[in-house]
Amino acid sequence: MEKRVVFHGKLLPFILLAPQLLVTLVFFYLPAGQAVWQSFLVQDAFGLSTEFVWLENYQILLSKPDYYRTMLTTAIFSSLVAFFSLSIALLFAVQADKHLKFATGYKTLLIWPYAVAPAIAGVLWLFMFQPSLGLVSQALRAAGFEWNPLLNQNHAMTLVVMAATWKQISYNFLFFLAGLQAIPKSVIEAAAIDGATPMRRFWTIIFPLLSPTTFFLLVVNIVYVFFDTFGIIDAATQGGPARATETLVYKVFSDGKSGGDLGGSAAQSVILMAIVIALTAIQFRYVERKVQY
């Protein structure tokens with residue numbers, strides 16, 4: 001007869017949930033509430049007086065053309081990083097799932113970048129692609145290609161996209177590899193016996209069975225590119241040149257710290273939070289329909 005442990009105390013579930021709820025309250029809800037309140041205020045240059053202006057910060061912000069340019073830059077940047085990080089990670093995971101001779105070392109090397117802080121990742125890629133001293137820049141110059149992310153907007157965007165993609169590949173790789181190893185080998189072997197080519201087996205069997213993992217990573221990657229890439233952009237380009245790599249999260253920082261516009265910066269953070277929540281809701285509403293659990 002199986003013995004089952006039963007906890008009769010009604011307070012135990014609440015005690016176990018309390019630490020996580022406290023962390024969520026202190027580090028999410030309280031700062032979010034403070035940002036919403038701050039977005040309705042205007043302070044003087046010295047912070048001595050505060051005036052409640054209601055929606056004036058939002059009206060001023062949405063009347064500026066450069067804010068919509070930053071939105072477009074963020075959309076391009078986030079789309080490129082999400083696409084390349086997911087695609088490359090899936091390719092590496094498929095290769096790692098095979099019986100390779102040095103599979104352990106191969107997986108370890110792919111996981112290492114995840115331990116690198118975003119700011120460090122930005123510095124590393126800046127060192128490699130620095131116009132005058134970077135090793136990759138020197139090779140490109142020797143090949144006849146003038147690379148300069150400090151002056152060329154397209155080069156700067158390429159640099160931050162590569163750095164952000166490299167930083168996120170390890171995370172995506174871990175989940176894709178776990179998803180591949182969870183797929184029953186008998187299903188793939190049966191398709192191979194029926195004459196399905198490796199490419200057909202991937203698109204008709206493996207990839208559909210990976211759809212829950214892909215959907216989860218899509219949501220995580222969208223949040224990553226909207227928030228966690230701040231350190232990469234700040235270390236590599238600082239939003240330049242000519243604000244070509246200035247994303248929404250970096251504009252919140254630059255306007256609040258350098259510009260001293262705390263109310264406008266808070267309004268930007270509220271809009272950014274609303275955009276991410278809306279994108280996540282859209283993904284769960286429409287994209288999840290195609291997920292096969």
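This is a short tour of one pocket, one leucine and one pair of helices in a predicted model.

**Stop 1: the largest pocket.** Start by selecting Val94, Leu180, Phe202, Ile206 and Leu210, which are the closest to the pocket's centre among the 35 residues that line it. The space here comes to about 1,100 Å³. Now colour the helices H3 (65–96), H7 (153–182), H8 (185–193), H9 (198–209) and H10 (211–228), each of which gives two or more residues to the lining. Which helix gives the largest share? Look at H3, with nine residues. If you colour the lining by residue type, you will find 22 nonpolar, seven polar and six charged residues.

**Stop 2: leucine 210.** Next, zoom in on leucine 210, in the loop between H9 and H10. Is leucine 210 buried or exposed? Its relative accessible area is 0%, under the 20% cut-off, so leucine 210 counts as buried. Show its neighbours from farther along the chain: leucine 210 touches Leu90, Phe176, Gly179, Leu180 and Ile183. For a distance to try in your viewer, pick the C-alpha atoms of leucine 210 and serine 186, which are separated by 16 Å.

**Stop 3: H10 beside H13.** Finally, select H10 together with H13 (residues 262–286); their axes come within 11 Å and cross at roughly 170 degrees. That angle is over 145 degrees, so the two helices are roughly antiparallel. Turn on side chains to see where they meet: the H10 side includes Phe215, Leu218 and Ile222, and the H13 side includes Leu272, Ile275 and Phe284. The residues of this contact divide into 12 nonpolar, two polar and no charged.

Methods: Residues are numbered from 1 along each chain as its sequence is written. This is a predicted model: local features need pLDDT of at least 70, side-chain atom pairs count only at pLDDT 80 or more; totals for chains, interfaces and linings use all residues. Side-chain values use heavy atoms; hydrogens and water are left out. On a 1 Å grid over the protein atoms alone, a cavity is a set of points where a 1.4 Å probe fits but cannot get out, and a pocket is an open set with protein on both sides within 12 Å along at least five of seven lines; lining residues have an atom within 4 Å of a point. Grid points are joined across faces, edges and corners, and a volume is the space filled by probe spheres set on the points. Helices (H or I, at least four residues) and strands (E, at least two) are DSSP runs, numbered from the N terminus. Ala, Val, Leu, Ile, Met, Phe, Trp, Tyr, Cys and Pro count as nonpolar, Asp, Glu, Lys and Arg as charged, and the others, Gly among them, as polar. Axes are lines fitted to C-alpha atoms, for helices over the stretch in contact, and angles run from 0 to 180 degrees between N-to-C directions. Angles under 35 degrees count as roughly parallel, over 145 as roughly antiparallel, 65 to 115 as roughly perpendicular and the rest as oblique. Contact means heavy atoms within 4.5 Å. Buried means under 20% relative accessible area, exposed over 50%, partly exposed in between (1.4 Å probe, protein chains only). Lists of a residue's contacts leave out its neighbours within four places in sequence.
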